[in-house]
Amino acid sequence: VSQSRYLAQGIVASEVPDIDEMDAIALGVDLSSSLSESADYTVMILAGRKGNIFYVLDMRRMRCIGNLEKLDAIVEMWRDWERPQLRVSVDSTSYQASLSGDFQSYITSELGIYDLVCNPVITRGDKLSRSRSISALFQNRCVAFNQYAHLKRLRDELVNFGSIDHDDCLDALVLCIQDLRAARKLEIL
């Protein structure tokens, strides 16, 4: 309960800087492998960091089992945001590892896109400890949500942490923020 209170209190909606002004950009992807109504969703959260502020820019949430549909959604999101150089962070579990292989053959080899890089991330701990890893950012109001993006489901998961049916948006956000914390300033090629 207190965890969701900390996250909820720190939700700030704001305008976001131009994507070219960001120090780093990342796409956190929490994958599902089933179409069942009770299964998790595949969620992609695009965020950027400028200085010490993390900007949640956009989000996709869908049910799909094949990697091609997920990869097409990644490319679509990348194009929607004017094709920035982008790291795609995925949890390094077995079906996420299969996405990494398909990522290389489809996005790089077939589509010829080299500004997207797949970054498998090893997550540690349970969902509560992972959410706690970003709670101080919310408490210090260092996370800003794009006021024009459809981020209601992410807000709901943050406000109702632990008592909502799915928490895939939060998982994708944690992956994205972990990547942005470690990222260097963007170098435009």
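**A sheet, its hairpin and its helices**

Reader: In the hairpin of strand 3 and strand 4, which residue takes a positive phi?
Author: This is a predicted model. The hairpin of strand 3 and strand 4 has two residues between the strands. The residue there with a positive phi, near 65°, is Gly51.

Reader: Do strand 3 and strand 4 pair in the parallel or the antiparallel sense?
Author: Strands of a sheet pair through backbone hydrogen bonds, either parallel or antiparallel. Strand 3 covers residues 42-50, and nine bridges link it with strand 4. One bridge joins Val43 to Arg61 of strand 4. The sense of the pairing is antiparallel.

Reader: And strand 4 with strand 7: which residue of strand 7 is the bridge partner of Phe54?
Author: Strand 7 covers residues 143-146. Strand 4 and strand 7 run parallel, joined by three bridges. For Phe54, the bridge partner in strand 7 is Val143.

Reader: How many residues of strand 4 are buried?
Author: Strand 4 covers residues 53-62, ten residues in total. This strand is mostly covered. The number of buried residues is eight.

Reader: What is the order of the strands in the open sheet?
Author: The protein has six helices and seven strands. The open sheet has seven strands, with mixed pairing. Its edge strands are strand 1 (12-14) and strand 6 (116-121), each of which pairs on one side only. Neighbouring strands are turned by 30° against each other on average, direction ignored, and the order is 1-7-4-3-2-5-6.

Reader: Which residue of strand 6 is the bridge partner of Leu86?
Author: Strand 5 covers residues 86-91. Strand 5 and strand 6 run parallel, and six bridges join them. In strand 6, the bridge partner of Leu86 is Leu116.

Reader: What angle does helix 2 make with strand 4?
Author: Helix 2 packs on the sheet. Helix 2 touches strand 2 (24-30), strand 3, strand 4, strand 5 and strand 6. Its direction makes an angle with that of strand 4 of about 140°.

Reader: What span should helix 2 have?
Author: Helix 2 has 14 residues, from 67 to 80. Count 1.5 Å a residue, applied to one less than the number of residues. The end C-alpha atoms are 20 Å apart, which agrees with the expected span of 20 Å.

Reader: Is Glu69 of helix 2 buried, partly exposed or exposed?
Author: Several residues of helix 2 are buried, among them Leu71, Ile74 and Trp78. Glu69 also lies in helix 2, where it touches Met62, Arg63 and Cys64, not counting residues up to four places away in sequence. Its relative accessible area is 45%. Buried means under 20% and exposed means over 50%, so Glu69 is partly exposed.

Reader: Which residues touch the most other members of the largest nonpolar core?
Author: This core has 30 residues. Elements that give two or more residues to it include strand 2, helix 2 and helix 3 (94-110). Helix 2 gives the most, with six residues. The residues that touch the most other members are Leu27 and Leu116.

Reader: How many residues are in the second, separate core?
Author: Leu27 touches residues including Met44, Ile74, Met77 and Cys176. The second core is separate and includes Ile11, Ile134, Cys142 and Leu154. Its number of residues is 29.

Reader: How far apart in space are Val121 and Val90?
Author: Val121 lies in strand 6. Val121 is buried, with a relative accessible area of 14%. Val121 and Val90 are 31 residues apart in sequence. In space, C-alpha to C-alpha, they are apart by 5.8 Å.

Reader: What is the phi of Arg141?
Author: Most residues other than glycine have a negative phi. Arg141 has a positive value, although it is a residue other than glycine. It sits in the loop between helix 4 (127-139) and strand 7, partly exposed, with a relative accessible area of 49%. Its phi is near 55°.

Reader: Which residue just after helix 2 takes a positive phi?
Author: Look just past the end of helix 2. Phi there is about 60°, and the residue is Glu82.

Reader: What percentage of the residues of the protein count as buried?
Author: The protein has 189 residues. Its accessible surface comes to about 9,200 Å², of which 48% belongs to carbon and sulfur atoms. The share of residues that count as buried is 52%.

Technical notes
Residues are numbered from 1 along each chain as its sequence is written. This is a predicted model: local features need pLDDT of at least 70, side-chain atom pairs count only at pLDDT 80 or more; totals for chains, interfaces and linings use all residues. Side-chain values use heavy atoms; hydrogens and water are left out. Helices (H or I, at least four residues) and strands (E, at least two) are DSSP runs, numbered from the N terminus. Buried means under 20% relative accessible area, exposed over 50%, partly exposed in between (1.4 Å probe, protein chains only). Two strands pair if DSSP finds at least two bridges between them. Accessible areas come from the Shrake-Rupley method with a 1.4 Å probe; for residues, only the protein chains shown count as cover. Axes are lines fitted to C-alpha atoms, for helices over the stretch in contact, and angles run from 0 to 180 degrees between N-to-C directions. Contact means heavy atoms within 4.5 Å. A nonpolar core is a set of buried Ala, Val, Leu, Ile, Met, Phe, Trp, Tyr and Cys residues joined through side-chain atoms within 4.5 Å.
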